[in-house]
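This report considers how charged and nonpolar side chains are placed in one protein model. Please consult the sequence and the structure shown below while reading.

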Amino acid sequence: MKTTILLLLYIINQAYCQQNDEILGYMYVFAQEWPGSICKFQKCTKTYMGNYDNARWNTHGLWPNTMLQTSCGMIFNCKDEEYDEDKLTIATKTLIDVTWNGMYSDTFTFRKHEWEKHGTCHPDNLSQNGYMSRVGNLNNQYNYYKILASAGIYPDDDRQLTDGEVRAAFTKVLGISTAMSYTCQKDSSTGKFYIAELRTCFTQAMKPRTCDCSKPVSAFVTCGKTFYYPTFLLSVDEQIELEEIPDLSNGFLE
């Protein structure tokens with residue numbers, strides 16, 4: 001009898017701790033952008049696309065948040081450590097040159113911003129190489145392009161998508177329908193919405209969890225009832241000189 005009671009108390013305690021971690025612990029927001037939509041509104045170039053392989057979304061960042069039920073609590077600039085790519089291994093550099101590029105602005109400046117604003121706040125106190133490697137590997141593990149493709153959703157300039165279609169594809173992978181959110185960019189001349197950024201949310205133990213924070217990204221908007229997932233292919237012919245490209249990073253960096 002005593003053993004049964006102790007076991008029951010242990011189970012209750014474990015459930016409470018898990019719930020407490022879900023509510024009071026950190027939530028990680030992993031954001032990726034679709035170049036096909038972003039580059040409709042920005043001048044993306046081969047130079048700023050690095051070794052992007054046309055088979056994934058581009059990483060925006062991995063952001064630690066403190067979540068108290070439904071309030072947004074993004075934390076940033078936690079320790080004073082400047083970004084230094086010399087601290088990255090060759091393997092990490094190779095990885096992020098495929099998964100994490102500036103698209104329309106200087107890639108080094110973009111990564112520097114993400115490390116110094118968000119990476120320095122990682123509760124596991126990761127090194128620069130550890131953080132950048134983790135983010136790059138997350139892009140491979142949660143390849144949004146493949147997740148959508150597995151549900152028969154491919155970039156298509158003419159196909160209109162709905163929330164239900166996109167959410168169902170991610171629910172199969174994440175296990176819950178509320179572990180993702182997304183925003184669009186709107187073409188003011190046509191009124192069409194283009195899915196631009198998609199976020200997946202995780203507990204501190206990197207398990208999918210509800211995205212409590214629905215605050216839209218600056219310059220993005222919520223999508224309409226239907227929206228587009230446009231094609232993208234950056235050819236060599238589109239490469240232009242760096243000095244011809246205005247630095248627009250301040251307008252979109254999160």
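## A salt bridge along a helix

Lys112 and Glu116 lie four residues apart in helix α5, and they are therefore separated by about one helical turn. In this predicted model, their side chains meet in a salt bridge with an N to O distance of 2.7 Å. Lys112 is partly exposed, since its relative accessible area is 25%. Glu116 also counts as partly exposed, because its relative accessibility is 22%.

Elsewhere, salt bridges that share partners link Lys79, Glu81 and Lys87 into one network. Within this network, the side chains of Glu81 and Lys87 form a salt bridge of 3.7 Å, N to O. Glu81 is partly exposed at 23% relative accessibility, and Lys87 is partly exposed at 46%.

## Other charged residues

The structure holds nine salt bridges. One of them joins the side chains of Arg56 and Asp53, at 3.2 Å from N to O. Arg56 counts as buried because its relative accessibility is 7%, a value under the 20% cut-off. Asp53, at 34%, counts as partly exposed.

What is found around Glu114, a residue that is buried yet has no salt bridge? This residue belongs to helix α5, which covers residues 107-117. The nearest side chain of opposite charge is that of Lys117, 6.9 Å away. The side chain of Glu114 does, however, make a polar contact of 2.9 Å with the side chain of Trp63.

## The nonpolar cores

The largest nonpolar core comprises 49 residues. Those with the most contacts inside this core are Trp57, Val166, Phe170, Leu198, Phe227 and Tyr229. Strand β5, residues 193-203, gives the most to this core, contributing five residues. Another core, of six residues, lies apart from it and includes Val29, Trp63, Cys201 and Cys211. Trp63 is thus named in two settings: as a member of this core and as the polar partner of Glu114.

## Surroundings of Cys184

Is Cys184 buried or exposed? Cys184 counts as buried, because its relative accessibility is 0%. This residue is found in strand β4, which spans residues 180-186.

When neighbours within four places in sequence are left aside, Cys184 is in contact with Phe193, Tyr194, Ile195, Ala196, Phe220, Val221, Cys223 and Phe227. Tyr194 is ten residues from Cys184 along the chain, yet the C-alpha atoms of the two are separated by 5.1 Å. Phe227, another of these contacts, is among the residues with the most contacts inside the largest nonpolar core.

Conventions. Residues numbered from 1 in each chain as written. Predicted model: local features only at pLDDT ≥ 70, side-chain atom pairs only at ≥ 80, totals over all residues. Heavy atoms only, no water. Helix = DSSP H or I, 4+ residues; strand = E, 2+ residues; numbered from the N terminus. Buried < 20%, exposed > 50% of the residue type's maximum accessible area, 1.4 Å probe, protein only. Contact = heavy atoms within 4.5 Å. Lys, Arg positive; Asp, Glu negative; His and termini not counted. Salt bridge = Lys/Arg side-chain N within 4 Å of Asp/Glu carboxyl O. Polar contact = N/O pair within 3.5 Å; in protein donor to acceptor, adjacent residues only side chain to side chain. Core = buried A, V, L, I, M, F, W, Y, C linked by side-chain atoms within 4.5 Å.
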